[in-house]
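Student: I would like a close look at one helix in this model and at what surrounds it. Please take me through it in a connected way, and then on to the rest of the fold.

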Amino acid sequence: MQKLSYRLIILFVFFNAFYGAAQTNEIAISLKEALVKAEQNNKEIKKSKARIDIAKANYQQSHSLFLPGINLSHTAIRTNDPLASFGFKLKQEVVTSADFNPVLLNDPGSMENFQTQVKVEQPLLNFDGIHERKAAKFGFEAVSLQAERTSEYIKFEVKKAYKQLQVAQEAVKVFEKAKASADANLKQSLDLFTEDLLIEADVLSAKVRALEVENQLNQTKNQRKGAADYLAFLLGFESADSLIAVDDFQEPLGGSTIQDETSNENRSDILAYKKGVSAKEQMLKSARNKFLPRINAFGAYEWNDKEFLGTKANNYMIGASLSWDLFKGYKNVGKIKKAKAELQLQELDFQDYLEQNNLKLKEAKRSLILSLQKIETGRLAKEQAEEAMRIRTNRFKNGLEKTTDLIQAESLSAVKNLEYLNAIFNYYTAKFYLEFLLEKELN
């Protein structure tokens, strides 16, 4: 009966493992492939493209400053108004001498008129609208540049997330190796205990160590899953997909080339800020030009008939208008003051942005240099800890080392391995961030 229970448990575990593997879609992906997928599927990039479409549509609306407005209408009217009735007869070209009879003029009775009209309005000279159009163009260009910056930021996040996944995968390997070592030491402890060469407390310490490593391994696997989920989110993959980083995770071969420049005036977000300042300048000019007159042309062609959609009588009208708002209760003055303040605020924001960027650039360079030093230190510490553990393991097998010292050596070796992996990750993070700030690849 007991053997049957064991078999059922093994079968249940095997079924769960198989079913879980079948439900998880594991995708092996390289960093290059990840960057391509992010450009295609990332939601922030898609939203930035939608903002470009909105800005472009706003700019296209300003074409009305030069293009005519055309309106087609058909109006049906029935009235007994004396003035309107006589006017409709004139429009329909049906007036006779009998219509001048005072009795008919005062009481014409009901009359129908169907009017079809094509009306055209053509702007000729609108000084304020010209500058509003330029401002809309600068705004569209600024949004386009910001979309480029968004793409660069997602690229930075994908690189960082990919390295984080690689670190998690390497950390799992570290604890799998530590677990194998802890299990082997536990078996050795039990063998020595049966030979009365080891006390029970040491055996318990070895058991505790094996359980601790197993817990750490499970925790690291959970962190690997979290890193994979975040990368999948950036790439727009389904949440059920489990990503596996296939690129080699290794120590950088050499330091990155860092130039002495402190700013990059051609960076997309900086250019976008410049476009924003230019847009505010145009809005200020537009506000000032509202004191100037506007000149517009207009024309209309219409058909009038007593029948629906009739075209018996027709006429046209063309003309031009000059309008000049001499005073609007300080409304235009207030717009000028507002535009001045908005331009000043935009310029101050731009200068503050440049100064913050320079500070970030200097800090990123220092972080990159420091991370290189930490890699060298971490590598030496890892090698030393691994050698110390190897020596203590051999001495323990020969009964020349305490269990607590061996456990301490194992723990220290795992810690130094993780610190070394973290140092490499910090280097790549600093490198990717500096590339993001400079918007260029570093060697």
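Tutor: Gly 139 is placed in helix α6, and all of what follows is read from a predicted model. This glycine has a relative accessible area of 26%, so Gly 139 is classed as partly exposed. Its C-alpha atom is separated by 8.2 Å from that of Tyr 59, although their positions lie 80 residues apart along the chain.

Further along the helix comes Tyr 153, and with it the aromatic contacts. A search of the whole structure returns 14 aromatic pairs. One of them is formed by Phe 86 and Phe 100, edge-to-face, with centres 5.6 Å apart and 70° between the planes. Phe 86 belongs to helix α4 (residues 82-92), whereas Phe 100 sits in the loop between α4 and α5 (102-106); the two are 14 residues apart. With 21% relative accessibility, Phe 86 is partly exposed, because a buried residue would have to be under 20%.

The pair that involves α6 is Tyr 153 with Phe 436, also edge-to-face, at 5.8 Å centre to centre and 65° between the planes. Tyr 153 is in helix α6 and Phe 436 is in helix α10, so this pair ties together parts of the chain that are 283 residues apart in sequence. The two partners fall into separate accessibility classes: Tyr 153, at a relative accessible area of 39%, is partly exposed, while Phe 436, at 12%, is buried. Both rings belong to one aromatic cluster, which is made up of Tyr 153, Phe 156, Tyr 433 and Phe 436.

Two lysines are placed over tyrosine rings. Lys 163 lies over the face of Tyr 428, 4.0 Å from the ring centre. Lys 382 lies over the face of Tyr 420, and here the value is 5.3 Å from the ring centre.

The nonpolar packing follows. The largest nonpolar core holds 26 residues, and the members with the most contacts inside it are Leu 368, Ile 375, Ile 424 and Leu 434. Helix α6 (127-194) is one of the elements giving two or more residues to this core; the others are α9 (331-397) and α10 (403-438). The greatest share comes from α10, with 14 residues. Another core lies apart from this one; it has 19 residues, among them Leu 31, Leu 165, Leu 231 and Leu 235. In short, α6 and α10 are linked by the Tyr 153 and Phe 436 pair, and both contribute to the largest core.

Next comes the sheet. Four strands make an open sheet in the order β2-β3-β5-β6, with antiparallel pairing. Its edges are β2 (69-79) and β6 (313-323), each of which pairs on one side only. From one strand to the next the twist averages 20°.

Taken pair by pair, β2 and β3 run antiparallel with 11 bridges between them, and His 74 stands opposite Thr 116 of β3. β3 and β5 are likewise antiparallel, over 11 bridges, and there Gln 122 faces Ala 297 of β5. Strand β5 (residues 294-305) pairs with β6 in the antiparallel sense, over 11 bridges; Asn 296 has Ser 321 in β6 as its bridge partner. Helix α4 packs on this sheet and touches β2, β3 (111-125), β5 and β6, its direction making about 75° with that of β3. This is the helix that carries Phe 86 of the pair described above.

Two backbone details remain, both in loops. Glu 93, in the loop between α4 and α5, has a positive phi of about 60° although it is not a glycine. At 55% relative accessibility, Glu 93 counts as exposed, because the exposed class begins over 50%. Leu 309 is found in the loop between β5 and β6; its phi is near 60°, again positive in a residue other than glycine.

Technical notes: Residues numbered from 1 in each chain as written. Predicted model: local features only at pLDDT ≥ 70, side-chain atom pairs only at ≥ 80, totals over all residues. Heavy atoms only, no water. Core = buried A, V, L, I, M, F, W, Y, C linked by side-chain atoms within 4.5 Å. Buried < 20%, exposed > 50% of the residue type's maximum accessible area, 1.4 Å probe, protein only. Phe/Tyr/Trp six-rings, centres within 6.5 Å; stacked < 30°, edge-to-face > 60°. Lys NZ or Arg CZ within 6 Å of the ring centre and 35° of its normal. Pairing = 2+ DSSP bridges. Axes fitted to C-alpha atoms, helices over the stretch in contact; angles between N-to-C directions. Contact = heavy atoms within 4.5 Å.
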